[in-house]
Amino acid sequence: MNERVRLYRDRVTEYWRNRTKKQQMVIVGAVLLIIILLAFLTFFSTRTHYVPLYSNLTLQETGNIKETLDARGISSEIANDGTTILVPETQVDALKVELAAEGLPQSGTINYSTFRDSMGFGMTDNEFSLMERAAIESELADLIRSVDGVNQANVMITLPEQTLWVSDSQQEATASVVVDLAPGFQLDASQVRALYHLVSRSVPNLPIENIVIMNQMFEDYLYDDHHSTGSTLSVYEQQRAIQRDIERDLTRNLQQMLGTLVGRDKVLVSVTTDIDFTQENRQEERVEPVDEENMEGIAVSVENITETYSGEGTPEGGIEGVGDDIPNFPGVYGTGEVDYELTEDRINYEVNRIRSDIVESPYKIRDLGIQVMVEPPEGMEELPADRLADIQQILGTVVRTSISGVYAAELTDDEFNEKIFVSSQPFEGKADLETGAGSSVPVWVYVVGGILLATIIFLIVLLVRRRGDSDEDLMDDDGALTEEIPDLPQEEEGTGAQKRKQIERMAKERPEEFSKLLRTWLSED
(Lines give C-alpha, C1' and ligand atoms only; values in the text may rest on other atoms or scores of the structure.)
Protein backbone atom coordinates (compact mmCIF):
# COMPACT_ATOMS: atom_id res chain seq x y z
CA MET A 1 0.00 0.00 0.00
CA ASN A 2 2.81 2.38 0.95
CA GLU A 3 4.72 1.50 -2.22
CA ARG A 4 1.66 2.31 -4.35
CA VAL A 5 1.21 5.65 -2.59
CA ARG A 6 4.90 6.38 -3.03
CA LEU A 7 4.64 5.42 -6.69
CA TYR A 8 1.71 7.82 -7.28
CA ARG A 9 3.51 10.55 -5.38
CA ASP A 10 6.64 10.10 -7.47
CA ARG A 11 4.62 10.19 -10.67
CA VAL A 12 2.86 13.38 -9.62
CA THR A 13 6.15 14.95 -8.55
CA GLU A 14 7.83 14.00 -11.80
CA TYR A 15 4.85 15.26 -13.81
CA TRP A 16 4.94 18.56 -11.92
CA ARG A 17 8.70 18.97 -12.46
CA ASN A 18 8.41 18.29 -16.17
CA ARG A 19 5.87 21.13 -16.54
CA THR A 20 6.96 24.65 -17.42
CA LYS A 21 6.19 27.60 -15.15
CA LYS A 22 3.33 28.71 -17.40
CA GLN A 23 1.81 25.25 -17.32
CA GLN A 24 2.16 25.12 -13.54
CA MET A 25 0.37 28.48 -13.22
CA VAL A 26 -2.45 27.22 -15.43
CA ILE A 27 -2.88 24.10 -13.31
CA VAL A 28 -2.89 26.08 -10.05
CA GLY A 29 -5.42 28.58 -11.48
CA ALA A 30 -7.72 25.78 -12.62
CA VAL A 31 -7.62 24.16 -9.18
CA LEU A 32 -8.36 27.48 -7.46
CA LEU A 33 -11.25 28.17 -9.88
CA ILE A 34 -12.80 24.79 -9.11
CA ILE A 35 -12.46 25.41 -5.37
CA ILE A 36 -14.11 28.83 -5.67
CA LEU A 37 -16.98 27.42 -7.76
CA LEU A 38 -17.57 24.67 -5.21
CA ALA A 39 -17.57 27.22 -2.40
CA PHE A 40 -20.15 29.43 -4.13
CA LEU A 41 -22.34 26.46 -4.97
CA THR A 42 -22.19 25.26 -1.38
CA PHE A 43 -23.02 28.74 -0.06
CA PHE A 44 -26.06 29.27 -2.26
CA SER A 45 -27.36 25.74 -1.89
CA THR A 46 -27.25 25.84 1.91
CA ARG A 47 -28.51 29.42 2.25
CA THR A 48 -32.03 29.83 3.70
CA HIS A 49 -34.34 32.13 1.73
CA TYR A 50 -36.88 33.94 3.88
CA VAL A 51 -40.26 35.15 2.55
CA PRO A 52 -43.09 37.04 4.29
CA LEU A 53 -45.52 34.85 6.22
CA TYR A 54 -47.79 37.74 7.29
CA SER A 55 -47.58 41.47 6.56
CA ASN A 56 -49.20 44.63 8.00
CA LEU A 57 -49.47 43.07 11.47
CA THR A 58 -49.82 44.87 14.73
CA LEU A 59 -47.06 44.50 17.31
CA GLN A 60 -49.31 42.27 19.41
CA GLU A 61 -50.02 39.95 16.49
CA THR A 62 -46.34 39.79 15.56
CA GLY A 63 -45.42 38.88 19.16
CA ASN A 64 -47.99 36.08 19.32
CA ILE A 65 -46.84 34.54 16.02
CA LYS A 66 -43.15 34.91 16.93
CA GLU A 67 -43.72 33.17 20.25
CA THR A 68 -45.53 30.28 18.55
CA LEU A 69 -42.79 29.83 15.95
CA ASP A 70 -40.02 29.90 18.55
CA ALA A 71 -41.84 27.26 20.61
CA ARG A 72 -41.88 25.01 17.54
CA GLY A 73 -38.20 25.60 16.82
CA ILE A 74 -38.84 27.32 13.48
CA SER A 75 -36.40 30.09 12.54
CA SER A 76 -38.02 33.42 11.73
CA GLU A 77 -37.14 37.07 11.19
CA ILE A 78 -39.02 40.34 11.81
CA ALA A 79 -38.95 43.21 9.29
CA ASN A 80 -40.69 46.52 8.49
CA ASP A 81 -40.62 47.81 12.08
CA GLY A 82 -42.29 44.74 13.49
CA THR A 83 -45.20 44.58 11.03
CA THR A 84 -43.89 41.71 8.87
CA ILE A 85 -42.65 38.28 9.93
CA LEU A 86 -40.42 36.19 7.63
CA VAL A 87 -40.04 32.39 7.58
CA PRO A 88 -38.17 29.93 5.30
CA GLU A 89 -39.74 29.71 1.87
CA THR A 90 -40.19 25.94 2.05
CA GLN A 91 -42.37 26.18 5.17
CA VAL A 92 -44.55 29.21 4.43
CA ASP A 93 -47.57 27.32 3.02
CA ALA A 94 -47.67 24.73 5.78
CA LEU A 95 -47.29 27.37 8.49
CA LYS A 96 -50.19 29.44 7.14
CA VAL A 97 -52.52 26.43 7.36
CA GLU A 98 -51.31 25.36 10.80
CA LEU A 99 -51.45 28.85 12.32
CA ALA A 100 -54.90 29.47 10.84
CA ALA A 101 -56.12 26.26 12.53
CA GLU A 102 -54.88 27.68 15.84
CA GLY A 103 -56.63 31.01 15.28
CA LEU A 104 -53.50 33.04 14.56
CA PRO A 105 -53.01 35.88 14.04
CA GLN A 106 -55.27 37.03 16.85
CA SER A 107 -56.17 40.68 16.40
CA GLY A 108 -57.92 41.07 19.75
CA THR A 109 -60.95 42.70 18.10
CA ILE A 110 -64.60 41.74 18.34
CA ASN A 111 -66.27 40.36 15.24
CA TYR A 112 -69.57 38.65 14.57
CA SER A 113 -68.22 35.30 15.69
CA THR A 114 -68.01 36.75 19.20
CA PHE A 115 -71.81 36.71 19.43
CA ARG A 116 -71.82 32.98 18.77
CA ASP A 117 -69.32 32.33 21.54
CA SER A 118 -70.77 34.78 24.07
CA MET A 119 -74.49 34.32 23.60
CA GLY A 120 -76.23 33.46 26.84
CA PHE A 121 -79.17 34.28 29.05
CA GLY A 122 -77.09 36.59 31.21
CA MET A 123 -76.30 39.18 28.49
CA THR A 124 -78.02 42.51 29.02
CA ASP A 125 -79.22 44.91 26.31
CA ASN A 126 -76.37 47.33 27.00
CA GLU A 127 -73.78 44.58 26.68
CA PHE A 128 -75.36 43.42 23.42
CA SER A 129 -75.41 46.96 21.99
CA LEU A 130 -71.79 47.50 22.98
CA MET A 131 -70.68 44.24 21.36
CA GLU A 132 -72.76 44.96 18.26
CA ARG A 133 -71.14 48.35 17.76
CA ALA A 134 -67.66 46.90 18.36
CA ALA A 135 -68.35 44.14 15.83
CA ILE A 136 -69.45 46.66 13.19
CA GLU A 137 -66.31 48.73 13.81
CA SER A 138 -64.05 45.66 13.54
CA GLU A 139 -65.67 44.40 10.35
CA LEU A 140 -65.47 47.86 8.76
CA ALA A 141 -61.80 48.14 9.71
CA ASP A 142 -61.12 44.76 8.07
CA LEU A 143 -62.89 45.83 4.90
CA ILE A 144 -60.97 49.12 4.73
CA ARG A 145 -57.65 47.30 5.25
CA SER A 146 -58.36 45.32 2.08
CA VAL A 147 -58.00 48.52 0.04
CA ASP A 148 -54.68 48.71 -1.79
CA GLY A 149 -52.24 50.95 0.09
CA VAL A 150 -54.03 50.86 3.48
CA ASN A 151 -51.99 49.18 6.22
CA GLN A 152 -54.26 49.75 9.20
CA ALA A 153 -57.68 51.28 9.83
CA ASN A 154 -59.46 52.43 12.98
CA VAL A 155 -63.21 53.04 12.95
CA MET A 156 -65.31 54.80 15.62
CA ILE A 157 -69.11 54.71 15.29
CA THR A 158 -71.75 56.52 17.33
CA LEU A 159 -75.18 54.92 17.04
CA PRO A 160 -78.34 56.83 18.03
CA GLU A 161 -80.15 55.69 21.14
CA GLN A 162 -83.40 53.88 20.58
CA THR A 163 -86.43 55.52 22.14
CA LEU A 164 -90.00 54.45 22.63
CA TRP A 165 -91.37 57.91 21.81
CA VAL A 166 -92.56 58.69 18.32
CA SER A 167 -90.72 61.65 16.81
CA ASP A 168 -90.78 63.31 13.41
CA SER A 169 -87.01 63.86 13.39
CA GLN A 170 -85.03 60.67 12.94
CA GLN A 171 -81.71 60.53 14.75
CA GLU A 172 -78.64 59.82 12.64
CA ALA A 173 -75.43 57.91 13.30
CA THR A 174 -71.90 59.31 12.93
CA ALA A 175 -68.58 57.68 12.02
CA SER A 176 -64.90 58.60 12.15
CA VAL A 177 -62.27 56.65 10.21
CA VAL A 178 -58.48 56.94 10.49
CA VAL A 179 -56.47 55.04 7.85
CA ASP A 180 -52.75 54.29 8.08
CA LEU A 181 -51.45 54.47 4.52
CA ALA A 182 -48.30 52.91 3.12
CA PRO A 183 -45.32 55.26 2.68
CA GLY A 184 -45.71 57.39 -0.43
CA PHE A 185 -49.27 56.24 -1.12
CA GLN A 186 -52.23 58.58 -1.54
CA LEU A 187 -55.90 57.76 -1.99
CA ASP A 188 -57.41 59.09 -5.19
CA ALA A 189 -60.89 60.58 -5.49
CA SER A 190 -62.53 57.32 -6.58
CA GLN A 191 -61.11 55.41 -3.58
CA VAL A 192 -62.24 58.14 -1.17
CA ARG A 193 -65.76 57.99 -2.61
CA ALA A 194 -65.73 54.20 -2.27
CA LEU A 195 -64.74 54.45 1.41
CA TYR A 196 -67.51 56.96 2.12
CA HIS A 197 -70.11 54.73 0.44
CA LEU A 198 -68.77 51.64 2.21
CA VAL A 199 -69.10 53.18 5.66
CA SER A 200 -72.46 54.81 4.88
CA ARG A 201 -74.04 51.57 3.60
CA SER A 202 -72.63 49.46 6.45
CA VAL A 203 -74.18 51.45 9.30
CA PRO A 204 -77.94 52.06 9.56
CA ASN A 205 -79.09 55.65 9.16
CA LEU A 206 -75.61 57.05 8.49
CA PRO A 207 -75.56 59.81 5.83
CA ILE A 208 -72.35 60.67 4.03
CA GLU A 209 -72.12 64.14 5.57
CA ASN A 210 -71.82 62.53 9.03
CA ILE A 211 -68.64 60.64 8.07
CA VAL A 212 -65.09 61.90 8.60
CA ILE A 213 -62.12 60.12 6.99
CA MET A 214 -58.49 61.12 7.57
CA ASN A 215 -55.03 59.56 7.32
CA GLN A 216 -52.36 59.04 9.97
CA MET A 217 -51.18 62.63 9.42
CA PHE A 218 -54.71 63.86 10.28
CA GLU A 219 -55.30 65.11 6.75
CA ASP A 220 -59.00 65.09 5.85
CA TYR A 221 -60.31 63.35 2.75
CA LEU A 222 -63.36 65.27 1.58
CA TYR A 223 -66.17 63.62 -0.31
CA ASP A 224 -66.17 64.76 -3.94
CA ASP A 225 -69.35 63.88 -5.81
CA HIS A 226 -68.19 63.31 -9.40
CA HIS A 227 -71.80 63.73 -10.62
CA SER A 228 -71.90 67.32 -9.38
CA THR A 229 -70.83 69.61 -12.21
CA GLY A 230 -71.20 72.82 -10.22
CA SER A 231 -68.36 72.14 -7.80
CA THR A 232 -66.13 75.20 -7.68
CA LEU A 233 -63.06 73.20 -6.73
CA SER A 234 -63.41 70.67 -9.57
CA VAL A 235 -63.99 73.41 -12.16
CA TYR A 236 -60.93 75.27 -10.94
CA GLU A 237 -58.80 72.13 -11.10
CA GLN A 238 -59.94 71.41 -14.64
CA GLN A 239 -59.21 74.95 -15.82
CA ARG A 240 -55.85 74.98 -14.04
CA ALA A 241 -54.89 71.65 -15.62
CA ILE A 242 -55.81 72.93 -19.11
CA GLN A 243 -53.74 76.08 -18.57
CA ARG A 244 -50.75 74.05 -17.35
CA ASP A 245 -50.97 71.73 -20.37
CA ILE A 246 -50.99 74.65 -22.80
CA GLU A 247 -48.06 76.39 -21.08
CA ARG A 248 -46.09 73.13 -20.84
CA ASP A 249 -46.56 72.32 -24.53
CA LEU A 250 -45.50 75.80 -25.63
CA THR A 251 -42.50 75.77 -23.30
CA ARG A 252 -41.35 72.33 -24.47
CA ASN A 253 -41.65 73.24 -28.16
CA LEU A 254 -39.80 76.54 -27.74
CA GLN A 255 -37.13 74.94 -25.56
CA GLN A 256 -36.52 72.27 -28.18
CA MET A 257 -36.46 74.71 -31.09
CA LEU A 258 -34.26 77.35 -29.44
CA GLY A 259 -32.04 74.67 -27.89
CA THR A 260 -31.27 73.39 -31.36
CA LEU A 261 -30.36 76.94 -32.37
CA VAL A 262 -28.13 78.02 -29.46
CA GLY A 263 -27.59 74.86 -27.39
CA ARG A 264 -29.67 72.71 -25.03
CA ASP A 265 -28.21 74.13 -21.81
CA LYS A 266 -27.93 77.71 -23.03
CA VAL A 267 -31.57 78.72 -23.17
CA LEU A 268 -34.38 79.06 -20.62
CA VAL A 269 -38.01 79.57 -21.68
CA SER A 270 -40.95 80.69 -19.55
CA VAL A 271 -44.50 80.91 -20.93
CA THR A 272 -47.49 82.50 -19.20
CA THR A 273 -51.00 82.42 -20.64
CA ASP A 274 -54.41 83.92 -19.98
CA ILE A 275 -57.13 81.50 -21.03
CA ASP A 276 -60.72 82.53 -21.69
CA PHE A 277 -62.96 79.75 -20.37
CA THR A 278 -66.24 81.45 -21.32
CA GLN A 279 -68.48 79.02 -23.17
CA GLU A 280 -71.12 80.42 -25.54
CA ASN A 281 -74.10 78.60 -27.03
CA ARG A 282 -76.08 80.42 -29.74
CA GLN A 283 -78.40 79.76 -32.67
CA GLU A 284 -78.08 81.50 -36.02
CA GLU A 285 -80.75 81.62 -38.72
CA ARG A 286 -79.45 83.15 -41.94
CA VAL A 287 -81.06 83.75 -45.36
CA GLU A 288 -78.59 83.87 -48.24
CA PRO A 289 -79.27 84.35 -51.98
CA VAL A 290 -78.47 81.53 -54.32
CA ASP A 291 -76.92 83.91 -56.86
CA GLU A 292 -74.65 86.04 -54.66
CA GLU A 293 -73.41 88.09 -57.61
CA ASN A 294 -76.88 89.38 -58.59
CA MET A 295 -78.29 88.90 -55.10
CA GLU A 296 -81.15 86.76 -56.43
CA GLY A 297 -82.58 83.42 -55.58
CA ILE A 298 -84.11 80.65 -57.66
CA ALA A 299 -87.42 81.60 -59.40
CA VAL A 300 -89.89 79.01 -58.20
CA SER A 301 -93.08 80.50 -59.78
CA VAL A 302 -93.67 83.40 -62.24
CA GLU A 303 -97.06 85.10 -62.78
CA ASN A 304 -97.64 87.86 -65.46
CA ILE A 305 -100.83 89.99 -65.05
CA THR A 306 -101.93 92.43 -67.83
CA GLU A 307 -105.11 94.58 -67.61
CA THR A 308 -106.45 96.93 -70.40
CA TYR A 309 -109.59 99.19 -70.33
CA SER A 310 -111.04 101.68 -72.80
CA GLY A 311 -114.39 103.52 -72.45
CA GLU A 312 -116.35 106.36 -70.80
CA GLY A 313 -115.26 107.51 -67.41
CA THR A 314 -117.37 108.95 -64.63
CA PRO A 315 -120.24 111.22 -65.91
CA GLU A 316 -120.32 114.86 -64.89
CA GLY A 317 -122.09 115.49 -61.60
CA GLY A 318 -121.51 112.05 -60.47
CA ILE A 319 -124.17 109.69 -59.33
CA GLU A 320 -127.13 111.18 -57.52
CA GLY A 321 -127.85 110.17 -54.00
CA VAL A 322 -124.25 109.33 -53.21
CA GLY A 323 -123.68 112.22 -50.79
CA ASP A 324 -123.45 111.40 -47.10
CA ASP A 325 -125.48 114.30 -45.69
CA ILE A 326 -127.49 115.81 -48.49
CA PRO A 327 -129.58 113.72 -50.90
CA ASN A 328 -129.01 114.25 -54.61
CA PHE A 329 -125.67 115.97 -53.86
CA PRO A 330 -123.91 116.67 -57.19
CA GLY A 331 -120.76 114.69 -57.84
CA VAL A 332 -117.47 115.68 -59.49
CA TYR A 333 -116.89 116.73 -63.00
CA GLY A 334 -116.98 114.03 -65.64
CA THR A 335 -113.71 112.44 -66.83
CA GLY A 336 -114.72 111.71 -70.38
CA GLU A 337 -113.17 108.74 -72.23
CA VAL A 338 -110.60 106.67 -70.28
CA ASP A 339 -107.85 104.28 -71.48
CA TYR A 340 -106.41 102.05 -68.73
CA GLU A 341 -103.56 99.49 -68.94
CA LEU A 342 -101.86 97.50 -66.09
CA THR A 343 -98.92 95.09 -66.40
CA GLU A 344 -97.69 93.15 -63.30
CA ASP A 345 -95.06 90.36 -62.90
CA ARG A 346 -95.21 88.24 -59.75
CA ILE A 347 -92.05 86.08 -59.21
CA ASN A 348 -91.51 83.88 -56.15
CA TYR A 349 -87.79 83.34 -55.38
CA GLU A 350 -86.35 80.54 -53.19
CA VAL A 351 -83.31 81.44 -51.08
CA ASN A 352 -80.85 79.48 -48.88
CA ARG A 353 -82.16 79.29 -45.33
CA ILE A 354 -79.34 78.29 -42.93
CA ARG A 355 -79.89 77.44 -39.28
CA SER A 356 -76.81 76.84 -37.16
CA ASP A 357 -76.47 75.76 -33.53
CA ILE A 358 -73.03 77.03 -32.53
CA VAL A 359 -71.19 76.04 -29.34
CA GLU A 360 -68.09 78.16 -28.89
CA SER A 361 -65.05 76.42 -27.46
CA PRO A 362 -64.39 77.59 -23.88
CA TYR A 363 -60.60 77.30 -24.28
CA LYS A 364 -59.27 80.41 -26.03
CA ILE A 365 -55.86 81.95 -25.43
CA ARG A 366 -56.71 85.52 -24.60
CA ASP A 367 -53.18 86.69 -23.81
CA LEU A 368 -49.71 85.15 -24.06
CA GLY A 369 -46.35 86.16 -22.67
CA ILE A 370 -42.98 84.57 -23.50
CA GLN A 371 -39.77 85.24 -21.58
CA VAL A 372 -36.52 83.81 -22.97
CA MET A 373 -33.01 83.96 -21.51
CA VAL A 374 -30.11 82.96 -23.76
CA GLU A 375 -26.50 82.47 -22.68
CA PRO A 376 -24.00 83.91 -25.19
CA PRO A 377 -20.99 81.87 -26.37
CA GLU A 378 -17.77 81.96 -24.36
CA GLY A 379 -15.87 85.20 -24.70
CA MET A 380 -18.99 87.25 -25.55
CA GLU A 381 -21.14 89.36 -23.27
CA GLU A 382 -24.31 88.91 -25.34
CA LEU A 383 -25.55 87.38 -28.55
CA PRO A 384 -25.14 89.23 -31.85
CA ALA A 385 -27.95 91.55 -32.80
CA ASP A 386 -28.93 89.49 -35.85
CA ARG A 387 -29.26 86.34 -33.72
CA LEU A 388 -31.45 88.17 -31.20
CA ALA A 389 -33.56 89.52 -34.07
CA ASP A 390 -34.09 85.97 -35.38
CA ILE A 391 -35.19 84.75 -31.95
CA GLN A 392 -37.52 87.76 -31.61
CA GLN A 393 -39.10 86.99 -34.98
CA ILE A 394 -39.58 83.32 -34.11
CA LEU A 395 -41.28 84.19 -30.85
CA GLY A 396 -43.46 86.80 -32.56
CA THR A 397 -44.73 84.18 -34.98
CA VAL A 398 -45.53 81.85 -32.09
CA VAL A 399 -47.47 84.57 -30.28
CA ARG A 400 -49.48 85.51 -33.40
CA THR A 401 -50.48 81.94 -34.13
CA SER A 402 -51.22 81.01 -30.52
CA ILE A 403 -53.53 83.86 -29.50
CA SER A 404 -57.11 83.29 -30.65
CA GLY A 405 -58.19 85.18 -33.73
CA VAL A 406 -60.81 87.24 -31.94
CA TYR A 407 -58.24 88.71 -29.57
CA ALA A 408 -55.33 88.76 -32.05
CA ALA A 409 -57.27 90.94 -34.50
CA GLU A 410 -57.34 93.76 -31.96
CA LEU A 411 -53.55 93.79 -31.42
CA THR A 412 -50.97 95.81 -33.34
CA ASP A 413 -47.39 94.83 -34.13
CA ASP A 414 -46.05 96.88 -31.24
CA GLU A 415 -48.45 95.19 -28.84
CA PHE A 416 -47.31 91.77 -30.10
CA ASN A 417 -43.67 92.72 -29.51
CA GLU A 418 -44.48 93.85 -25.97
CA LYS A 419 -45.52 90.30 -25.11
CA ILE A 420 -42.01 88.98 -25.88
CA PHE A 421 -38.92 89.49 -23.77
CA VAL A 422 -35.50 88.16 -24.84
CA SER A 423 -32.45 88.57 -22.60
CA SER A 424 -28.87 87.56 -23.43
CA GLN A 425 -26.46 87.26 -20.50
CA PRO A 426 -24.19 84.62 -18.91
CA PHE A 427 -25.80 82.06 -16.63
CA GLU A 428 -24.16 82.27 -13.22
CA GLY A 429 -26.33 79.81 -11.33
CA LYS A 430 -26.52 76.69 -13.46
CA ALA A 431 -27.85 73.73 -11.53
CA ASP A 432 -25.49 70.77 -11.38
CA LEU A 433 -27.17 67.56 -12.36
CA GLU A 434 -26.93 65.09 -9.52
CA THR A 435 -25.94 61.63 -10.49
CA GLY A 436 -28.57 59.12 -9.53
CA ALA A 437 -27.83 56.62 -6.85
CA GLY A 438 -26.38 53.43 -8.21
CA SER A 439 -28.80 50.60 -8.35
CA SER A 440 -28.01 47.70 -6.09
CA VAL A 441 -26.80 44.70 -8.09
CA PRO A 442 -27.51 41.24 -6.65
CA VAL A 443 -24.58 39.14 -5.50
CA TRP A 444 -25.30 36.36 -7.95
CA VAL A 445 -24.65 38.76 -10.85
CA TYR A 446 -21.08 39.27 -9.62
CA VAL A 447 -20.70 35.52 -9.08
CA VAL A 448 -21.83 34.64 -12.59
CA GLY A 449 -19.70 37.43 -14.05
CA GLY A 450 -16.65 36.21 -12.18
CA ILE A 451 -17.19 32.65 -13.34
CA LEU A 452 -17.55 33.73 -16.96
CA LEU A 453 -14.46 35.93 -16.73
CA ALA A 454 -12.40 33.12 -15.19
CA THR A 455 -13.60 30.69 -17.86
CA ILE A 456 -12.64 33.09 -20.65
CA ILE A 457 -9.18 33.63 -19.13
CA PHE A 458 -8.70 29.88 -18.76
CA LEU A 459 -9.61 29.26 -22.41
CA ILE A 460 -7.27 32.04 -23.57
CA VAL A 461 -4.41 30.57 -21.53
CA LEU A 462 -5.01 27.11 -22.99
CA LEU A 463 -5.03 28.54 -26.51
CA VAL A 464 -1.79 30.42 -25.95
CA ARG A 465 -0.22 27.34 -24.38
CA ARG A 466 -1.26 25.18 -27.31
CA ARG A 467 0.22 27.59 -29.80
CA GLY A 468 3.44 27.92 -27.85
CA ASP A 469 4.05 24.21 -27.29
CA SER A 470 6.58 24.01 -30.10
CA ASP A 471 8.64 26.85 -28.60
CA GLU A 472 8.30 25.68 -24.99
CA ASP A 473 9.46 22.17 -25.81
CA LEU A 474 12.77 23.57 -27.03
CA MET A 475 13.38 25.36 -23.70
CA ASP A 476 14.51 24.00 -20.35
CA ASP A 477 13.05 24.82 -16.92
CA ASP A 478 15.20 27.96 -16.55
CA GLY A 479 13.96 29.31 -19.86
CA ALA A 480 17.31 28.82 -21.66
CA LEU A 481 17.48 27.26 -25.09
CA THR A 482 18.88 23.73 -25.31
CA GLU A 483 21.97 22.96 -27.27
CA GLU A 484 21.66 23.56 -30.91
CA ILE A 485 21.18 20.32 -32.83
CA PRO A 486 23.36 19.97 -35.92
CA ASP A 487 21.63 19.78 -39.25
CA LEU A 488 21.17 16.45 -40.88
CA PRO A 489 23.64 15.69 -43.60
CA GLN A 490 22.46 16.62 -47.06
CA GLU A 491 22.43 13.26 -48.71
CA GLU A 492 20.87 12.77 -52.08
CA GLU A 493 20.48 9.01 -51.86
CA GLY A 494 20.82 6.23 -49.38
CA THR A 495 19.29 5.38 -46.00
CA GLY A 496 20.27 8.69 -44.41
CA ALA A 497 18.39 10.65 -47.09
CA GLN A 498 15.26 8.59 -46.57
CA LYS A 499 15.39 9.09 -42.77
CA ARG A 500 15.88 12.81 -43.21
CA LYS A 501 12.84 13.02 -45.52
CA GLN A 502 10.74 10.99 -43.06
CA ILE A 503 11.75 13.26 -40.18
CA GLU A 504 10.92 16.42 -42.18
CA ARG A 505 7.56 15.03 -43.23
CA MET A 506 6.81 14.07 -39.61
CA ALA A 507 7.78 17.57 -38.40
CA LYS A 508 5.40 19.17 -40.93
CA GLU A 509 2.44 16.84 -40.63
CA ARG A 510 2.60 15.83 -36.94
CA PRO A 511 4.50 18.50 -35.00
CA GLU A 512 3.35 17.27 -31.58
CA GLU A 513 4.66 13.73 -32.08
CA PHE A 514 7.84 15.14 -33.58
CA SER A 515 8.40 17.31 -30.49
CA LYS A 516 7.87 14.29 -28.19
CA LEU A 517 10.29 12.26 -30.25
CA LEU A 518 12.84 15.03 -30.16
CA ARG A 519 12.44 15.36 -26.38
CA THR A 520 13.00 11.62 -25.99
CA TRP A 521 16.21 11.82 -28.02
CA LEU A 522 17.48 14.71 -25.95
CA SER A 523 16.75 12.93 -22.67
CA GLU A 524 18.57 9.81 -23.87
CA ASP A 525 21.61 11.88 -24.83
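A residue counts as buried when its relative accessible area is under 20%, as exposed when that is over 50%, and as partly exposed in between. Take K266: with 24% relative accessibility, K266 falls between those two limits, so K266 is partly exposed. Keep in mind as you look around that this is a predicted model.

K266 is a good place to start, since its side chain meets that of E375 in a salt bridge, at 4.0 Å from N to O. The two come from distant parts of the chain: K266 sits in the loop between helix 8 and strand 7, while E375 sits in the loop between strand 12 and helix 9 (385-402), 109 residues apart. E375 has a relative accessibility of 12%, so this partner counts as buried. In general, side chains of opposite charge can pair when their charged atoms come close. The structure as a whole has 13 salt bridges.

Now move along to strands 7 and 12. Here D274 and R366 form a salt bridge, and their closest N and O atoms are 3.2 Å apart. This is another link between distant parts, with D274 in strand 7, R366 in strand 12, and 92 residues separating them. R366 also forms a salt bridge with D276, where the closest N and O atoms are 3.9 Å apart. Because D276 belongs to strand 7 and R366 to strand 12, that pair ties together parts 90 residues apart in sequence. Put together, D274, D276 and R366 make up a network of salt bridges.

How buried or exposed are the members of this trio? D274 is at 32% relative accessibility, so it counts as partly exposed. R366, at 35%, is partly exposed as well. D276 has a relative accessibility of 10%, so D276 counts as buried.

Next, the aromatic rings. How many aromatic pairs does a search of the whole structure find? There are two. In one, the ring centres of Y196 and Y223 are 5.3 Å apart and the planes are at 65°, so the pair is edge-to-face. Y196 lies in helix 7 (residues 189-202), and Y223 in the loop between strand 6 (211-215) and helix 8 (232-262), so the contact ties together parts that are 27 residues apart in sequence. Y196 is buried, because its relative accessibility is 4%, whereas Y223 is partly exposed, with a relative accessible area of 28%.

F277 and Y363 form an aromatic pair too, edge-to-face, with 6.0 Å from centre to centre and 80° between the planes. Both sit in loops: F277 between strand 7 (267-276) and strand 8 (281-288), Y363 between strand 11 (352-359) and strand 12 (364-374), so the pair ties together parts 86 residues apart in sequence. Y363 has a relative accessible area of 46% and is partly exposed.

A ring can also meet a charge. The charged end of R400 sits over the ring of F416, 4.8 Å from the ring's centre.

Finally, head back to the start of the chain and look at the surface. W16, V28, V31, L32 and I35 form a nonpolar patch there, with about 430 Å² of accessible area together. Which helix gives the most to the nonpolar patch? Helix 2 (residues 21-46) does, with four residues. W16, for its part, has its place in helix 1 (residues 2-18). At 35% relative accessibility, W16 counts as partly exposed.

Key: Residues are numbered from 1 along each chain as its sequence is written. This is a predicted model: local features need pLDDT of at least 70, side-chain atom pairs count only at pLDDT 80 or more; totals for chains, interfaces and linings use all residues. Side-chain values use heavy atoms; hydrogens and water are left out. Patches are made of residues with over 30% relative accessible area and no salt bridge: like charges are joined within 9 Å, nonpolar side chains (Val, Leu, Ile, Met, Phe, Trp, Tyr) within 5 Å. Accessible areas come from the Shrake-Rupley method with a 1.4 Å probe; for residues, only the protein chains shown count as cover. Buried means under 20% relative accessible area, exposed over 50%, partly exposed in between (1.4 Å probe, protein chains only). Rings of Phe, Tyr and Trp (its six-membered ring) pair if their centres lie within 6.5 Å; planes under 30 degrees apart count as stacked, over 60 as edge-to-face and the rest as tilted. A charge sits over a ring if NZ of Lys or CZ of Arg is within 6 Å of the ring centre and within 35 degrees of the ring normal.
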